[in-house]
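Open the model in your viewer and keep the sequence panel beside it. The tour goes stop by stop, with a selection to make at each one.

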Amino acid sequence: MTNNLEALDLKDLPFLNKNLKRIDKAILQSLPPKNLSKISKAIHYSVLNGGKRIRPQLVLLMAETLEVDVSQKTIDLMAASGELIHCYSLIHDDLPSMDDDDFRRGKLSCHKKFDEATAILAGDAIQPLALEVLTTINDKRLMPEQKLQIINLFAKACGPKGMVEGQSRDIDAEGKNIKIDALDEIHYLKTGKLIEACVESICILKNDLPKKHLKAFLDFAKKFGLAFQIKDDILDVLGDEKTIGKPINSDSKHNKATYPSIIGLEASQLRAEKLCLEALKILNKLPYNTDNLIKLSKFIILRNK
Ligand code: GRG
């Protein structure tokens with residue numbers, strides 16, 4: 001597998017589409033019936049709306065790479081959980097008291113489509129749902145401690161030492177010229193920890209995974225997460241509104257501390273590519289079939305949405 005970042009054709013990624021169907025089915029099965037209530041309508045609206053599903057893709061591709069000996073249902077529940085946490089964070093991120101964004105994934109954001117209280121409650125409902133989904137794993141090949149560890153990882157990723165802290169620091173950094181290390185830390189907490197949880201949760205299922213391989217996968221996840229976030233910041237400046245599904249320059253409008261605002265666009269692009277190449281190097285050294293993880297890593301850098 002080549003490490004060249006230009007050498008990726010979207011035709012090389014049919015596995016992403018195949019996985020997408022499986023992921024969306026698992027997510028749908030985890031939701032309350034759509035017409036149960038106003039909140040369940042808002043949940044369906046905000047979850048089944050065409051996200052890239054990068055986090056559950058990572059869960060599926062890691063499971064394939066490590067050939068973990070658990071049921072497909074177990075992997076699907078973990079994938080759904082990772083995406084539910086992400087969707088919850090997006091609903092709250094768009095609220096007027098946060099980023100105040102009217103569009104998400106090409107549609108009105110949840111509070112615009114419904115109302116603010118409904119969006120808050122939909123988010124509040126999805127977070128415990130994501131963890132509840134994990135508690136429903138019923139797989140003889142999984143030890144109770146492994147299940148507990150997985151729930152612990154996902155809970156920590158979105159809690160006060162993860163997303164919430166990252167978001168709080170992100171808001172505090174608005175209008176400030178913070179150092180790049182502080183920005184890295186914000187994004188590790190806000191975006192990276194959940195990505196890491198998706199990777200690490202599968203490592204937990206591999207009983208005899210050598211410690212050095214676990215460390216390598218965690219290093220990979222860190223680099224992948226940061227590269228992904230830098231690309232997200234770049235797309236907010238250079239992206240096409242229709243393609244990314246929301247107005248561009250929303251970060252600068254909110255005086256957000258971003259990679260382009262702190263180190264400039266060109267340096268941001270170079271940094272994202274460097275991180276991606278480092279991630280590929282880690283994957284290439286591991287004694288597993290990491291081909292599809294490599295393709296996903298290239299995709300997150302070369303993507304236009
Ligand atoms: C939700 C636990 C929790 C706490 C609330 C609102 C908040 C604190 C945190 C927000 C964190 C956040 C929104 C991080 C994600 C940033 C990001 C890179 C979003 C875009 O992700 P993509 O590109 O989007 O994967 P799609 O739409 O493809 O899923």
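A cavity, for this tour, is a set of grid points where a 1.4 Å probe fits but cannot get out. Rolling a probe the size of a water molecule over the atoms shows where empty space is left. The model is predicted, so keep that in mind at every stop.

**Stop 1: the enclosed space**

How many cavities of 30 Å³ or more does the count come to? The count gives one. The space in this largest cavity is about 80 Å³. To see its walls, select Y45, S46, N49, C87, L90, I91, D94, R104, R105, L108, S109 and C110. Two elements, α2 and α4, each give two or more residues to that lining. The biggest share comes from α4, with three residues.

**Stop 2: helix α2**

Keep Y45 selected and show the rest of α2, residues 38-47. Is this helix mostly covered or mostly open? It is mostly covered, with seven of its ten residues buried. Colour S40, A42, I43, H44, Y45, S46 and V47 to pick out the buried ones. These buried residues pack against α1, α4, β2 (107-108), α5 and α6.

**Stop 3: the ring of Y45**

Zoom in on Y45. Its relative accessible area is 15%, under the 20% limit, so Y45 counts as buried. Next, add F114. A search of the whole structure finds three aromatic pairs. One of them is Y45 with F114: the ring centres are 5.6 Å apart and the planes meet at 75°. That angle is over 60 degrees, so the pair is edge-to-face.

Where do the two partners sit? Y45 is in helix α2, while F114 is in the loop between α5 (110-113) and α6 (116-135). The pair therefore ties together parts that are 69 residues apart in sequence. F114 is partly exposed, at 24% relative accessible area.

Now add K107. Its charged end sits over the ring of Y45, 4.1 Å from the ring centre. For another lysine over a ring, select K222 and Y188. K222 lies over the face of Y188, at 4.7 Å from the ring centre.

**Stop 4: the largest pocket**

Switch to a surface view. The largest pocket has a volume of about 1000 Å³. Which of its 48 lining residues are closest to the centre? Select H86, L90, D93, R104 and D232. Elements that give two or more residues to this lining are α3, α4 (72-93), α8 (163-172), α9 (180-205), α10, α11 (241-244) and α12 (250-253). Here α4 gives the most, with seven residues. L90 and R104 may look familiar: both are also among the residues that line the largest cavity.

**Stop 5: I171 in α8**

Move to I171, which lies in helix α8. I171 is partly exposed, with a relative accessible area of 33%. Add D99 and draw a line between the two C-alpha atoms. They are separated by 8.7 Å, with their positions 72 residues apart along the chain.

**Stop 6: helix α15**

Select residues 291-302, helix α15. Why does its length make sense? At 1.5 Å a residue, twelve residues should span 16 Å, and the end C-alpha atoms are indeed 16 Å apart. Ten of the twelve are buried, so the helix is mostly covered by the under-20% cut-off. Among the buried ones are L293, I294, L296, F299, I300 and I301. K295 and K298 are on the buried list too. The buried residues pack against α1 (14-30), α3 (54-66), α10 (211-238) and α14 (265-285).

**Stop 7: H213 in α10**

Step over to α10 and select H213. H213 is buried, at 13% relative accessible area. Leaving aside residues up to four places away in sequence, H213 touches L286, P287 and Y288.

**Stop 8: two positive phi angles**

Finish in the loops. E67 sits between α3 and α4. Its phi is near 45°, a positive value in a residue other than glycine. E67 counts as exposed, at 66% relative accessibility.

N249 is in the loop between α11 and α12. N249 also has a positive phi, about 60°, although it is not a glycine. With a relative accessible area of 34%, N249 is partly exposed.

Methods:
Residues are numbered from 1 along each chain as its sequence is written. This is a predicted model: local features need pLDDT of at least 70, side-chain atom pairs count only at pLDDT 80 or more; totals for chains, interfaces and linings use all residues. Side-chain values use heavy atoms; hydrogens and water are left out. Helices (H or I, at least four residues) and strands (E, at least two) are DSSP runs, numbered from the N terminus. The expected span of a helix is 1.5 Å times one less than its number of residues. Buried means under 20% relative accessible area, exposed over 50%, partly exposed in between (1.4 Å probe, protein chains only). Contact means heavy atoms within 4.5 Å. Rings of Phe, Tyr and Trp (its six-membered ring) pair if their centres lie within 6.5 Å; planes under 30 degrees apart count as stacked, over 60 as edge-to-face and the rest as tilted. A charge sits over a ring if NZ of Lys or CZ of Arg is within 6 Å of the ring centre and within 35 degrees of the ring normal. On a 1 Å grid over the protein atoms alone, a cavity is a set of points where a 1.4 Å probe fits but cannot get out, and a pocket is an open set with protein on both sides within 12 Å along at least five of seven lines; lining residues have an atom within 4 Å of a point. Grid points are joined across faces, edges and corners, and a volume is the space filled by probe spheres set on the points.
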